[in-house]
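Trainee: I have a model to go through. Can we take it question by question?

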Amino acid sequence: TLDRSSAASDVYKRQFLGATVKTTTGFGFALISVPLLLPFMDLPDIVPIILPLVLINDYAITITNKTH
């Protein structure tokens, strides 16, 4: 259980960091993801991949912060 607790703590830290970047810039996930994928894919191929992930990320942030 100690490893599970530590892993959960890491996930929460990463979510907090991601939420902070997203809140600060408004588009943190795409800002980081698109440049990282550009060496491997063309931009028209990246957008359809990133868009659903951004929506899932937005939903996760909304659910996480729903109680606030």
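Trainee: What share of the area that the protein exposes do carbon and sulfur atoms supply?
Mentor: This is a predicted model: local features need pLDDT of at least 70, side-chain atom pairs count only at pLDDT 80 or more, and totals for chains, interfaces and linings use all residues. Residues are numbered from 1 along each chain as its sequence is written, and side-chain values use heavy atoms, leaving out hydrogens and water. Areas come from the Shrake-Rupley method with a 1.4 Å probe; for residues, only the protein chains shown count as cover. The protein exposes about 5,600 Å², and the carbon and sulfur share is 70%.

Trainee: What pattern does the protein follow along the sequence?
Mentor: Helices (H or I, at least four residues) and strands (E, at least two) are DSSP runs, numbered from the N terminus. The protein has three helices and zero strands. Read in order, the pattern is α-α-α.

Trainee: Is Phe 29 buried, partly exposed or exposed?
Mentor: Phe 29 sits in helix 2, residues 28-37. Buried means under 20% relative accessible area, exposed over 50%, partly exposed in between (1.4 Å probe, protein chains only). Phe 29 has 31%, so the class is partly exposed.

Trainee: How far apart are the C-alpha atoms of Asn 57 and Phe 29?
Mentor: Asn 57 belongs to helix 3. Along the chain, Asn 57 and Phe 29 are 28 residues apart. Their C-alpha separation is 8.2 Å.

Trainee: Is helix 2 roughly parallel or roughly antiparallel to helix 3?
Mentor: Axes are lines fitted to C-alpha atoms, for helices over the stretch in contact, with angles from 0 to 180 degrees between N-to-C directions. The two axes come within 10 Å and cross at roughly 150°. Angles under 35 degrees count as roughly parallel, over 145 as roughly antiparallel, 65 to 115 as roughly perpendicular and the rest as oblique. Therefore helix 2 is, relative to helix 3, roughly antiparallel.
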